[in-house]
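Student: Got a minute to go through a structure with me? I'd like to get a feel for what packs against what.
Tutor: Sure, let's pull it up and go from there.

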Amino acid sequence: VNAAVHFTFMDMVMSPVNIALLNSVFRIATILILAPFISKIEKLVFFLIKDTDEDNEEQADFDLLEERFLDYPPLAISQSQMAVNGMAKNARKNLMRAFELLTDFSDSKFNKIQEKENMIDKYEDKLGTYLMQLSMHDMTPEQAKQTSKFLHTISDFERLGDHAVNISRVAQELHEKSRTFSESATYELNVLEKALVEIVDLTVNSFVDEDLETAAKVEPLRELIGILCNDLKLRHIKRLRNGQCDLNTGFAFNDLLTNYERIAAHCSNVAVAILELDSSNFDIHEYTKSVRKLKDETYLTAFEEYEKKYDINGYQPEALQKRRIARRIRTTRNLPERRKTKTRKKIKRNKSLSILYKKGIAHKELFLFCIYYPYVQYRNVLSVRILAKINPNGRAATISIAAANQEADVERFIVPRL
């Protein structure tokens with residue numbers, strides 16, 4: 001422009017005052033020109049640089065760890081606690097993503113888990129460095145204990161993130177090779193995953209809220225999850241022998257159970273750390289030994305509730321259910337009213353049936369005299385061996401039952417129909 005117009009002020013020598021004045025005029029003019037377009041510019045920036053609320057929260061957690069707070073331990077501990085809480089919540093979210101990936105796999109979800117695992121590792125690195133620097137400053141015994149708790153728990157939360165990655169890789173392998181578990185195995189894993197979701201929720205919530213009562217509920221559930229994992233491994237071995245699952249699927253199933261069991265163990269470690277902070281004389285190993293051996297009433301009550309809630313024996317194939325319903329309907333329609341099932345407790349004396357029994361040392365004998373029917377149909381509720389002999393005239397039958405449980409009472413047997 002100056003080459004065409006030749007501004008006269010371009011040849012002037014600028015003094016410091018003139019430079020400051022020109023700079024101020026330029027900035028004010030820029031603001032006046034761009035002010036109407038501020039909202040548009042903001043939208044353009046958000047479109048070009050896409051950050052989610054979750055990403056902003058994670059960055060905010062890192063911003064809490066400022067070195068200038070290290071000279072004030074109470075403030076630094078408070079900032080560290082908020083950052084560890086954010087780490088715990090992110091580890092929980094990543095585990096939930098991994099569980100969802102087993103039933104609904106997608107590459108975007110898989111990559112999301114890997115990205116968040118890197119973020120969780122960054123949490124551990126920054127928090128570990130910050131807490132180590134903090135531990136070098138003068139602190140009260142209570143502050144030192146809380147700092148030690150954070151140092152222990154961040155490693156457990158980081159391991160939860162690692163197990164989320166392991167689960168996602170198992171899901172990826174199953175998806176790529178188009179492998180699926182059997183119906184019974186899928187049912188058992190779903191029950192176990194629900195238990196894991198609860199123990200992770202209990203752990204994170206008790207840590208964030210510093211709730212000792214909730215933390216005490218973790219150990220009974222951890223023990224149940226360990227028992228379920230061992231039981232599921234044995235059940236899967238039986239399915240492999242029966243040909244219901246192949247060997248490659250069995251490896252994936254076993255990998256999942258191993259990760260699930262370790263997740264519960266890390267949750268237990270965090271809960272123990274919370275309880276440790278509340279007690280002045282607390283030993284982690286002594287606590288875990290005593291709580292698992294003594295098992296007070298509160299522990300047993302919680303364990304029984306979890307045992308009922310997460311029962312893996314409730315699975316019944318749909319085809320089997322339909323067959324049972326059809327058989328029940330057919331039996332009800334064909335039999336007369338007088339031939340319906342009766343329990344032994346309800347039968348004291350019947351005109352068409354006299355039951356006499358004598359108790360042997362290794363077996364029980366029942367003598368059934370059938371007046372109207374030439375055959376006997378017998379079913380029991382125990383695991384027994386049944387030997388039946390019918391007289392040639394069809395009027396009487398002798399049934400010998402070798403009981404699996406020698407202390408079983410014959411009154412518990414059920415005679416459904418004659």
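Student: Which ring does arginine 239 lie over?
Tutor: Arginine 239 lies over the face of phenylalanine 253, at 5.7 Å from the ring centre. For a charge to count as over a ring, NZ of Lys or CZ of Arg must be within 6 Å of the ring centre and within 35 degrees of the ring normal.

Student: Before we go on, what kind of model is this?
Tutor: It's a predicted model, where local features need pLDDT of at least 70 and side-chain atom pairs count only at pLDDT 80 or more, while totals for chains, interfaces and linings use all residues. Residues are numbered from 1 along each chain as its sequence is written, and side-chain values use heavy atoms, with hydrogens and water left out.

Student: Back to phenylalanine 253: which ring does it pair with?
Tutor: Tyrosine 260 makes a good lead-in, so let me start there. The rings of phenylalanine 99 and tyrosine 260 have centres 5.8 Å apart and planes at 75 degrees, so that pair is edge-to-face. Rings of Phe, Tyr and Trp (its six-membered ring) pair if their centres lie within 6.5 Å; planes under 30 degrees apart are stacked, over 60 edge-to-face, and the rest tilted. Phenylalanine 99 sits in helix α5 and tyrosine 260 in helix α11, 161 residues apart.
Tutor: Now yours: phenylalanine 253 pairs with phenylalanine 181, with centres 5.6 Å apart and planes at 75 degrees, so this pair is edge-to-face. Phenylalanine 181 is in the loop between α7 and α8, and phenylalanine 253 is in helix α11, 72 residues away.

Student: Are those two phenylalanines buried or exposed?
Tutor: Phenylalanine 181 counts as buried at 15% relative accessibility, and phenylalanine 253 is buried too, at 1%. Buried means under 20% relative accessible area, exposed over 50%, and partly exposed in between (1.4 Å probe, protein chains only).

Student: How many aromatic pairs are there?
Tutor: Five. Ring pairs also link Phe150, Phe157 and Phe207 into a cluster.

Student: What does tyrosine 260 touch?
Tutor: Leaving aside neighbours within four places in sequence, tyrosine 260 is in contact (heavy atoms within 4.5 Å) with residues including Phe99, Ile167, Leu192, Glu193, Ile225 and Cys229. Tyrosine 260 is buried, with a relative accessible area of 0%.

Student: And the core, which residues have the most contacts inside it?
Tutor: In the largest nonpolar core, which has 71 residues, those are Ile199, Leu221, Ile225, Tyr260 and Ile263. Helix α11 (247–278) is one of the elements that give two or more residues to this core, and α11 gives the most, with 12 residues. A nonpolar core here is a set of buried Ala, Val, Leu, Ile, Met, Phe, Trp, Tyr and Cys residues joined through side-chain atoms within 4.5 Å.

Student: How many helices and strands in the chain?
Tutor: There are 14 helices and six strands, taken as DSSP runs numbered from the N terminus (helices H or I, at least four residues; strands E, at least two). Of the chain's 418 residues, 37% count as buried.

Student: New topic: where is serine 178?
Tutor: Serine 178 is in the loop between α7 and α8. Serine 178 has a positive phi of about 55 degrees although it is not a glycine, and at 64% relative accessibility it counts as exposed.

Student: What about glutamate 210, where does that lie?
Tutor: Glutamate 210 lies in the loop between α8 and α9 (212–215). Glutamate 210 also has a positive phi of about 55 degrees and is partly exposed, with a relative accessible area of 41%.
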